[in-house]
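Colleague: I should be grateful for a close look at a single part of this model, namely the annotated site and the packing that surrounds it. Please set it out as one connected account.

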2 protein chains.
Amino acid sequence: MSDLRPVFYVSDGTGITAETIGHSLLTQFANVRFATDRIPFVDTLDKAQAAAAKIREAGAQAGWRPVVVNSCVDPALNAVLAESGALMLDVFAPFIEPLERELGMQRQSQVGRAHGMVDFESYHRRINAMNYALAHDDGVSMDYSEADLILVGVSRAGKTPTCVYLALHHGVRAANYPLTEEDLDSDRLPARLRPFRNKIFGLTIDPVRLQQIRQERRPNSRYAQLDTCKREVAQAEALLRTEGIQTLSTTHASIEEISSRVLEVLGINREMY
Amino acid sequence: MSDLRPVFYVSDGTGITAETIGHSLLTQFANVRFATDRIPFVDTLDKAQAAAAKIREAGAQAGWRPVVVNSCVDPALNAVLAESGALMLDVFAPFIEPLERELGMQRQSQVGRAHGMVDFESYHRRINAMNYALAHDDGVSMDYSEADLILVGVSRAGKTPTCVYLALHHGVRAANYPLTEEDLDSDRLPARLRPFRNKIFGLTIDPVRLQQIRQERRPNSRYAQLDTCKREVAQAEALLRTEGIQTLSTTHASIEEISSRVLEVLGINREMY
C-alpha cells in the first residue's frame, strides 16, 4: 500500500476550476500525502472511459480508493467517470440547484466554458495588458498615463511577477518603476511619476530576504550586499511614507495575495480570468 | 430594480478559489446579468460584519437578494456573513464531510491557506520559472538545456503569454523560440534546438487573426501584411510537420487551454499554483 492517496482533477475543459477547489480542499488535510494528477478535456464518452480506467488502475496500484474532483457538466460523462469506483466530488452539483431556484431558471450546460475563450474582447484586453506589463517593466518606458496602476519599490521587491499576474488574471495595465539610487537619495518620487500618485502602490521587502534574492541573481555584487539592501529598503520606505503612498511588504506574501491587496487598496474591481 | 444581480466572492484569503468556482457557476447562467465584487481577507469578526453590511446594502440597492460565494473556513465568520440575508454558497462545505469520512480524519481549518505562501520552496521555483520565461523570451538566450519545454512558432502566435502562464502557475521553465525568416526558408529547426526536440511544442495561428494582431503591434508594416502572415504560417506549419513536432492552433484557444494542452502532450505533471 502506497502512502500517497491518488487524487484526480477531471474536467471537460482545462481542469483549472476542479484543481483550484481540489487544491484548497486538500490543504485542509495537511497530514495526508496525496499524489495529484489532472485529466483535462474529457469531453467524449471515449475519453471518459479512458479516464475511468486510469483512475481505477491508480487506485489498484496505490491500495487506496482514489478521490476525483470533477467539473464535467454532462451527466452521461459523469456516470462513466463514477464507474471508476472513486470518491466523486462534483464541484458544481451542490450549487446548481440552489442557484437555479434563486434565479428562477435552469442552467445551460456547456462543456469547458469557464476557461475557454468565451469573450474575445476581454481576452484581448488581457493579452494587451500582458504586453503592456512586459513593455513597462523596470522603468524603461516614460509614459505612465495609460497605466491602471504603477508599482514602485527597490529592485527585486516583487514588482514584475505582480504586474504580470495582474495583467494575466485581471486585464489590468500594471507598470513597474524601480527606485534608482538617485530617486532614493532625493527622498522624493521622480517628477514623472508625481502626476499619477493616486494609482501608485509601494512594495517593500525585508532586507535579509532581499539580500538572498539578489545574491542568487548577481552573486557577490555590491547590489547583493546586505548593507546595500538595508540602506535601499530604509530609504525607499522613508520615501514612500513621505509621499503618502500605501505600501505592502512582500516578504511573506504570495503573488496572489499581493495582487489581491493592491486591487483592494486602489479600488480596482475587475473580474478575474 | 436593477437588471444586475449582485454577486460577492468572499474569502478569508485572496478569494481566488471562491471567484474561480463562482465564475464557473455564473457562466452556466448566460442569460442573467451579474454585478460581481470581491471581498478578500475577511479574517476577523469586524471585517465579516462590514462585509455583511456591504452585501445587505447592495441587495437593497439592486432590488435582488445577493448571491455570496464564500470560502471562509471559520464557522463564526460564516454565521456573521449569513446575517446579510444573501444566498450563501459555501464552496468547501459540501465536500469536507465526504472527504473526512474517506480519509478517516477531521480537517484542520486554517484561514486563507490555499493561495498563501505555504511552501517556500515551490514558491521560489515559481518565481525563478517566471524570471526564466522573461529572460528566455524571443530567442534571445542561446542555452535551452535548462528548459522544461520550448515553444516554437512565428512571431505573435501566443508563445510569450503561454510561457509566462506556465511559469506562474506550474513553475515550469518555458522558453520561447520565434522562427526567423532564415529558419522558415531552411525548412528545418535551427541546429541549436534539435537536441531538445522531445521538449519542443509548436504553436500556430490562423493567418488572418495573426494579421490583426501584428497590425495592432506594428501598423502597416511588412511584418503585418496578410501575405507575410500567410507565407510565414504556411512555412512554419510545414517545418513543424517535417520535424514531427506536435502543434496546436492558438486561434480559438485561451492561454489556459493552450497551457493545459502543452503540459498534457509533453507529459509534464506539475501541481498548479
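Modeller: Contact here means heavy atoms within 4.5 Å. This is a predicted model, in which local features need pLDDT of at least 70 and side-chain atom pairs count only at pLDDT 80 or more, while totals for chains, interfaces and linings use all residues. Residues are numbered from 1 along each chain as its sequence is written, chains are lettered from A and ligands numbered from 1 in the order in which they are written, and side-chain values use heavy atoms, with hydrogens and water left out.

The unreviewed UniProt entry places a "binding site" at A:G153, A:V154, A:S155, A:R156, A:A157, A:G158, A:K159 and A:T160; such annotations may be inferred rather than shown by experiment. Within that site, A:V154 occupies the loop that runs from strand 5 (149–153) to helix 6 (159–170) of chain A; helices (H or I, at least four residues) and strands (E, at least two) are DSSP runs, numbered from the N terminus. A:V154 is buried because its relative accessibility is 3%; buried means under 20% relative accessible area, exposed over 50%, and partly exposed in between (1.4 Å probe, protein chains only). Beyond its neighbours within four places in sequence, A:V154 is in contact with A:K159, A:L210, A:R214, A:E232, A:V233 and A:A236.

A:T160, another residue of the annotated site, belongs to helix 6 of chain A. With 14% relative accessibility, A:T160 also counts as buried. Setting aside residues up to four places away in sequence, the contacts of A:T160 comprise A:D137, A:D138 and A:N176, together with B:M130 and B:L134 from chain B.

Next comes the nonpolar packing. A nonpolar core is a set of buried Ala, Val, Leu, Ile, Met, Phe, Trp, Tyr and Cys residues joined through side-chain atoms within 4.5 Å. The largest such core has 98 residues, of which A:I150, A:V152, B:I150 and B:V152 touch the most other members. Outside four places in sequence, A:I150 meets A:Y144, A:A175, A:N176, A:Y177, A:L193, A:F196, A:K199, A:I200 and A:F201. A separate core of 40 residues includes A:V32, A:L99, B:V91 and B:F92.

The contacts of A:T160 with chain B lead on to the interface. There, 85 residues of chain A are in contact with 85 residues of chain B. The two chains bury about 8200 Å² between them, 62% of it on carbon and sulfur atoms; buried area is the accessible area (1.4 Å probe) that two parts lose on being put together, summed over both. Four salt bridges cross this interface, a salt bridge being a side-chain nitrogen of Lys or Arg within 4 Å of a carboxyl oxygen of Asp or Glu. A:R65 and B:E102 form a salt bridge through their side chains, at 2.8 Å from N to O. Among the elements of chain A that each supply at least two residues to the side touching chain B are helix 5 (120–135), helix 6 and helix 8 (207–217). Helix 5 of chain A gives the largest share of that side, nine residues.

Helix 4 of chain A (93–103) is a further contributor. Its buried residues are A:F95, A:I96, A:P98, A:L99, A:E100, A:E102 and A:L103, and they pack against elements of chain B that include strand 1 (5–10), helix 1 (16–26) and helix 4 (93–103). Just after helix 4 of chain A, A:G104 has a positive phi of about 70°.
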